[in-house]
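Work through the exercises below with the structure open. Each task is followed by a solution in steps.

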Amino acid sequence: MNKGNLLQELEIYRSFIQYSDILFSFHSINGDFSYVSPTSDPLLGYKPEELLDTSLFDYSHPSDRKKLKDICSSQSYERVKYRFCRKEGDYIWLETTLIPYCESNEPKGFSTISRNVTNQIATEAQLEENKEMYRLLVENFQDTVGIITKSGHWIYINDTAKKLFGVTRKEEVVGKSIFDFIFPASHGEVRRQLMQNGINGTFELTVSRHDGLKKYVQVKLIPTIYKERETFQILIRDLTEQKKAEEIMHRTEKLSVVGQLAAGIAHEIRNPLTAIKGFTQLLKKEDHNDYLEVMLNELERIEDIVSDLLILAKPQPSKLEEVDIGILLEDTVDLFRSEAILHNVEIKLDIDLGDSLIKGESNKLKQVFINLLKNAIEAMPNGGGITVSAIRTSNGEIMTKVKDEGMGIPEERIPNLGEPFYSTKEKGTGLGLMICNRIIKNHGGTISIESKINEGTTISVILPAFSPSKTPANIK
Ligand code: ADP
Ligand code: MG
């Protein structure tokens, strides 16, 4: 393109450009203005003649100057964004198209067409800032946030999701199906919700992780368009801890209701019982009837049961004594000798406690082992062996175990044991283990259950040992 033609075109531009917000300029090879359109005045604050023979590069922001110079000397048609210092001293962003021109293959200069893009850049910066802010918010949100396709495949997950699903990288989830991460029992519900566009609000399901952990979650699906596809935004709240707390509360509530109930009943029964027992004793004095002896024995048993029920109520004033667990276990096992023979059960004792004692109530502790031995015998309808052992642990505690070879307890039932009235027996009360738990807890100990179906059950009771030499009461 020669200079004549260019100037002719320039004239056309000039009349057009005069009234637009586009700046047109013409430069020598070193950047000096040789023509500036009148729009320089509103745009840059300079009248065109003020700019003539000054260099474009001197007005550019120092950080943009090198980039601008490089492009201008590259002699190629290019577009560049740079900051121009207005006469008032402030910078505006220009988007400039540079058009080089040569004469006989000699670079002679360049022309520019520029547009003010300050607002656009400010908006872009704002958008970038917002994007970063939203990214931080979403990634660190306390709930899992994700996007899934209509078929339930993960497109996006936030950082919190990694914790929920137990993965270290997002790639372990993205691209996979949501059904790979949830319990089969919850599949139907998720399918229904996907089909109904999640309009039913929130729903709950169980997440099953590869490490075997289960998580109870609340899910909300929100239909949304992502990259021009119909998708769902998915919000997942982890309710596992909340559920656990609720369960404990539920159980505690149930326990306290049973406790009150038991105390009430025991109280009501005690009075008539005392009267009946008194009169039976009187009758026995007058008439040596054998039946009266049996009746008295049975009445004493009822009295014992009633006092057991009272254990379930608020803590009783207790008579603490030094108890030799070894002797207590021997006595308890002796009580069961005849019953064991009847059920074809052999009970072995394996006690290695030295002179260890514990401080507690021997009657109540005896009740614990009576309940445990009773359960062990009942777990072996065809007979078998029971081992009752006791050792002193390295922590100075006393650990006793009642081990049977019975039917065992299914793993999922173990958490229910000790709940009032939880019994799998036709004539069971489901109070035995609950009473054990209560007594052992009151003695500062713990009970744990290990069981294998058809192999047997071991119930361990750990109690703090008592060392006479260390208690202040014994220092004379
Ligand atoms: P109950 O004996 O009246 O049923 P417990 O509280 O003593 O009530 O026991 C609750 C349940 O725990 C029993 O019904 C039984 O299913 C289970 N269980 C307890 N001990 C054993 C054991 N040694 N072997 C198998 N199951 C047991
Ligand atoms: Mg029982």
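**Exercise 1. Domains and distance**

Task: State how far apart the centres of domain 1 and domain 3 are, and give the bounds of each assigned domain.

Solution.
- Step 1. Taken over C-alpha atoms, the centres of domain 1 and domain 3 are separated by 103 Å. This is a predicted model.
- Step 2. The assignment puts domain 1 at 3-122 and domain 2 at 140-238. Domain 3 follows at 243-313, and domain 4 at 321-464.

**Exercise 2. How far to trust the model**

Task: Find where confidence is lowest and where it is highest among the elements, and find a stretch with pLDDT under 50.

Solution.
- Step 1. Start with the whole protein: the mean pLDDT is 87, and 93% of residues reach 70 or more.
- Step 2. Confidence is lowest in helix α1 (residues 3-17), with a mean of 70. Strand β15 (residues 397-404) has the highest, at 96.
- Step 3. Over residues 470-476, pLDDT stays under 50. The model has two contacts for this stretch beyond four places in sequence.
- Step 4. Where pLDDT is low, the predicted coordinates should not be read in detail.

**Exercise 3. Annotated segments**

Task: Compare the UniProt ranges with the helix and strand content of the chain.

Solution.
- Step 1. An unreviewed UniProt entry lists "domain: PAC" for residues 78-129 and 201-251.
- Step 2. Residues 78-129 are 23% helix and 62% strand, with end C-alpha atoms 28 Å apart.
- Step 3. Residues 201-251 are 24% helix and 59% strand, and their end C-alpha atoms lie 30 Å apart.
- Step 4. The unreviewed annotation "domain: PAS" in UniProt covers residues 30-70 and 130-202. Over residues 30-70, the chain is 54% helix and 10% strand. The end C-alpha atoms there are 12 Å apart.

**Exercise 4. The two sides of α5**

Task: Explain why the buried residues of α5 line one face of the helix.

Solution.
- Step 1. Helix α5 (residues 62-73) has 12 residues. From first C-alpha to last, α5 reaches 17 Å, close to the 16 Å expected at 1.5 Å a residue.
- Step 2. List the buried residues of α5: Asp-64, Leu-68, Ile-71 and Cys-72.
- Step 3. Look down the axis of α5: these buried residues fall within an arc of 95 degrees, so they line one face.
- Step 4. Recall the geometry: an α-helix has 3.6 residues a turn, so residues three or four places apart point the same way.
- Step 5. Find the partners. The buried residues of α5 pack against α4 (56-59), β3 (78-85), β4 (91-103) and β5 (106-116).
- Step 6. Turn to the face directed away from the buried side: it carries exposed Pro-62, Lys-66 and Ser-73.
- Step 7. Just after α5, Gln-75 takes a positive phi of about 60 degrees.

**Exercise 5. Cys-72 and Lys-227**

Task: Decide whether each residue, Cys-72 and Lys-227, is buried or exposed, then place both in the chain.

Solution.
- Step 1. Cys-72 lies in helix α5. Its relative accessible area is 6%, so Cys-72 is buried.
- Step 2. Beyond its neighbours within four places in sequence, Cys-72 contacts Phe-57, Leu-98 and Phe-110.
- Step 3. Lys-227 sits in the loop between β9 (214-226) and β10 (229-238). At a relative accessible area of 67%, Lys-227 is exposed.
- Step 4. Cys-72 and Lys-227 are 155 residues apart in sequence. In space they are 38 Å apart, C-alpha to C-alpha.
- Step 5. Check the backbone: Lys-227 is not a glycine, yet has a positive phi of about 45 degrees.
- Step 6. Glu-228 is in the loop between β9 and β10 too. Glu-228 has a positive phi of about 65 degrees, though not a glycine. With 78% relative accessibility, Glu-228 is exposed.

Definitions and conventions: Residues are numbered from 1 along each chain as its sequence is written. Chains are lettered from A and ligands numbered from 1 in the order in which they are written. This is a predicted model: local features need pLDDT of at least 70, side-chain atom pairs count only at pLDDT 80 or more; totals for chains, interfaces and linings use all residues. Side-chain values use heavy atoms; hydrogens and water are left out. Helices (H or I, at least four residues) and strands (E, at least two) are DSSP runs, numbered from the N terminus. The expected span of a helix is 1.5 Å times one less than its number of residues. Buried means under 20% relative accessible area, exposed over 50%, partly exposed in between (1.4 Å probe, protein chains only). The arc is that of the directions from the helix axis to the C-beta atoms. Contact means heavy atoms within 4.5 Å. pLDDT is the predictor's confidence in each residue, from 0 to 100. UniProt positions are given in the numbering used here, feature names are shortened, and annotations may be inferred rather than shown by experiment. Domain bounds come from an automatic or database domain assignment.
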